[in-house]
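Good morning, and thank you for the time. I would like to take us through one helix, one pocket and one acidic residue.

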Amino acid sequence: MTWTDNLDASMARDTIGDLAALLAVARERSFTRAAAQLGVSQPALSRTVRMLELRLGVRLLTRNTRSVAPTEAGERLLQTVGPHFDGIEAGLADLTALRGRPAGSLRITSVEHATNTILAPALERFWPMYPAIRVEIIDDYSLADIIADRFDAGVRLGEQVAKDMISLRIGADFRMAVVGAPSYLA
């Protein structure tokens, strides 16, 4: 990357900010109201728009002491970039709605017994509290590499835990027994 690449990236960032300023002025039809909305001074906003016009080489707004309106070039630009800014604002609003509320996917590798006796009852209580979380349980008796296989957690019986993993008891002890008819066992 050369210094001109850095200059181009900086100019692009400035231009995006300047386009947002232009959009606010055009929507408000006022430098004063747009400046208040953006939290900048009216002279600073006016200078920003003027510098954008100079960089682009075209007048974007017609101004007089009482009104502001986009020129034909300004209107064309606003019709092109306006929907993209609206989409960005909508995307950010969607993220804000998720703030403070857990959401996403949870992948767990387990064994069938633990899934049926421990995880399923826990999920019945979990889902009403966290409906935006999607839980995927893969029953597999091999010792999966949790990191490589992109699991968030693993559930195994007894001491079946890799040495570098942290284990935590999540269920009560249970006993297993081998049963069968004496004739079969003989």
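**Helix α5 and the largest pocket**

In α5, the buried residues (under 20% relative accessible area, 1.4 Å probe, protein chains only) are A114, T115, L119 and L123. This is a predicted model, in which local features need pLDDT of at least 70, side-chain atom pairs count only at pLDDT 80 or more, and totals for chains, interfaces and linings use all residues. Residues are numbered from 1 along each chain as its sequence is written, and side-chain values use heavy atoms, with hydrogens and water left out.

Those buried residues of α5 pack against β3 (104-110) and β4 (133-139), where contact means heavy atoms within 4.5 Å. Helices (H or I, at least four residues) and strands (E, at least two) are DSSP runs, numbered from the N terminus. At L119, α5 bends by about 40°, the angle between axes fitted to the seven residues ending there and the seven starting there. A proline, P121, follows within four residues.

How much space lies in the largest pocket? About 990 Å³, a volume being the space filled by probe spheres set on the points, which are joined across faces, edges and corners. On a 1 Å grid over the protein atoms alone, a pocket is an open set of points where a 1.4 Å probe fits, with protein on both sides within 12 Å along at least five of seven lines; lining residues have an atom within 4 Å of a point. Of its 32 lining residues, V155, R156, G158, V161 and L168 are the closest to its centre. The helix α5 gives the most to this lining, with 5 residues.

Finally, D18 is found in helix α1 (residues 3-28). D18 counts as buried because its relative accessibility is 12%.

Technical notes: Buried means under 20% relative accessible area, exposed over 50%, partly exposed in between (1.4 Å probe, protein chains only).
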